[in-house]
Amino acid sequence: MNHGERIAPVAAAATALATLACCLPVGIAAAAATASIAAVVAEYRVWFLLAAGAMLALGMVQLNRAQRQCSTRRGGSLAILAVSATIVVLVALFPQVIAAI
């Protein structure tokens with residue numbers, strides 16, 4: 001076993017630790033910024049939900065137009081729209097449950 005084969009795993013572990021040491025403070029700062037932004041925009045929650053509903057309606061219209069123009073409908077588009085609608089409905093109906101996640 002040559003010298004490079006012995007050093008490679010140690011270098012990989014050291015690199016992983018250095019990455020964590022570098023990124024951990026950034027993650028903590030991002031969490032603090034997210035919490036402060038959430039406190040500021042909480043009063044606009046209703047407007048954001050209305051905008052999300054309007055965008056979902058626009059997505060449904062676009063999906064309907066695409067279905068009329070093309071003979072095939074992609075299942076992925078419908079799945080993404082359904083998941084998005086589910087998330088918006090859950091956030092609107094159960095905001096405290098979603099916030100606890």
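This report walks through the overall form, a nonpolar surface patch and the largest pocket of the chain above.

**The chain as a whole**

Keep in mind that this is a predicted model. There are four helices and zero strands here, so to speak an α-α-α-α run when you read from the N terminus on. The chain isn't folded up like a ball: its radius of gyration is 23 Å, whereas a compact globule of 101 residues would come in near 13 Å. Along the principal axes, the C-alpha atoms take up a box of roughly 65 × 45 × 20 Å.

**Patch and pocket**

Here are the two surface features side by side.

| Feature | Extent | Residues | Elements giving two or more residues |
|---|---|---|---|
| Nonpolar patch | about 840 Å² | Ile37, Val40, Val41, Tyr44, Val46, Trp47, Phe48, Leu50 | α1 (3-41), α2 (45-69) |
| Largest pocket | about 210 Å³ | Arg45, Phe48, Leu49, Val91, Pro95, Gln96, Ala99 | α2, α4 (95-100) |

Take the patch to begin with. Helices α1 and α2 each put in two or more residues, and α2 gives the most, with four.

Now for the pocket. Helix α2 turns up again, this time with α4, as an element that supplies two or more lining residues. What is the make-up of the lining: how many nonpolar, polar and charged residues? The split is five nonpolar, one polar and one charged.

Phe48 is worth a look on screen. This residue sits in helix α2, belongs to the nonpolar patch and also lines the largest pocket.

Definitions and conventions: Residues numbered from 1 in each chain as written. Predicted model: local features only at pLDDT ≥ 70, side-chain atom pairs only at ≥ 80, totals over all residues. Heavy atoms only, no water. Patch = residues over 30% accessible without salt bridge, like charges linked within 9 Å, V, L, I, M, F, W, Y side chains within 5 Å. Areas by Shrake-Rupley, 256 points an atom, 1.4 Å probe, with all protein chains shown as cover. Salt bridge = Lys/Arg side-chain N within 4 Å of Asp/Glu carboxyl O. 1 Å grid on protein atoms, 1.4 Å probe; cavity = no way out; pocket = protein on both sides within 12 Å on 5 of 7 lines; lining within 4 Å. Points joined across faces, edges and corners; volume = space filled by probe spheres on them. Nonpolar A, V, L, I, M, F, W, Y, C, P; charged D, E, K, R; others polar. Rg over C-alpha atoms; globule rule 2.2 N^0.38 Å.
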